[in-house]
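Let's go looking for empty space in a protein. Have the sequence and the 3D view ready, and we'll take the pockets in turn.

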Amino acid sequence: MFNNWLRTNKFAMWLLTIIRVYIGYEWMTAGWGKLTGGFDAGGFLQGAIAKAAGDHPAVQGWWAAFLEHGALPDVKLFNVIIPLGEFLVGLGLILGTFTTFAALMGLVMNAAFLFSGTVSTNAQMLLLEVLIIVAAANAGKIGLDHWVLPYLRGLWNKMTHKTTKDDGTTHTPFKKQTA
């Protein structure tokens, strides 16, 4: 019942737009600050790894192992993808373009920050992103998704449905034709 309300109700559409723009602004400003002010994830990663020690670790051992052996050796890559990802998620949410995907990528980043022992606003943003993801297209109706999604659906339908040629034969794109 609540899912249906989120996905179809006009009041929910307006509420989701407010939530979407708020979260988008938070992501975009965080990403922009890192893009323009310099960003080095090395200290954050080392701090998260250190939080995996002791009797009551804030970071699980498996996550710390990933950070130590996967993320930290490639910190230069993370120095680029984190701020760029934050900025693009924010831009997508503010403009309402690929809204569900942008919210999903924001959720993934918030989860990674939570796994790394940083609470801050991550839990709140994660919960709001879940609402946007569950609402699907309704969250982006007041945005560019209003035009982008129907256009993409039309393209998809053209590429995947059978068409009849002038000679009466049928053609299905992307499927192997047999003689």
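## The second largest pocket

Helix H4 (61-71) is the top contributor to the lining of the second largest pocket, giving four residues. Helix H3 (42-50), H5 and H6 also chip in, with at least two residues each. Helices here are DSSP runs (H or I, at least four residues), numbered from the N terminus.

This pocket has a volume of about 220 Å³. Its lining holds 13 residues, and Trp63, Phe78, Ile82, Ala112 and Phe113 are the closest to its centre. The lining splits into 12 nonpolar residues, one polar and no charged. (Nonpolar covers Ala, Val, Leu, Ile, Met, Phe, Trp, Tyr, Cys and Pro; charged covers Asp, Glu, Lys and Arg; the others, Gly among them, are polar.)

## The largest pocket

The largest pocket offers about 290 Å³ of space. Helix H2 (10-37), helix H5 (75-95), helix H6 (99-115) and helix H7 (122-135) each give two or more residues to its lining, and H2 has the largest share with four.

Of its 16 lining residues, Trp27, Lys34, Glu86, Phe113 and Asn122 sit nearest the centre. Here the mix is eight nonpolar, five polar and three charged.

## How it was worked out

This is a predicted model: local features need pLDDT of at least 70, side-chain atom pairs count only at pLDDT 80 or more, and totals for chains, interfaces and linings use all residues. Residues are numbered from 1 along each chain as its sequence is written, and side-chain values use heavy atoms, with hydrogens and water left out.

A pocket is an open set of points on a 1 Å grid over the protein atoms alone where a 1.4 Å probe fits, with protein on both sides within 12 Å along at least five of seven lines; lining residues have an atom within 4 Å of a point. Points join across faces, edges and corners, and a volume is the space filled by probe spheres set on them.
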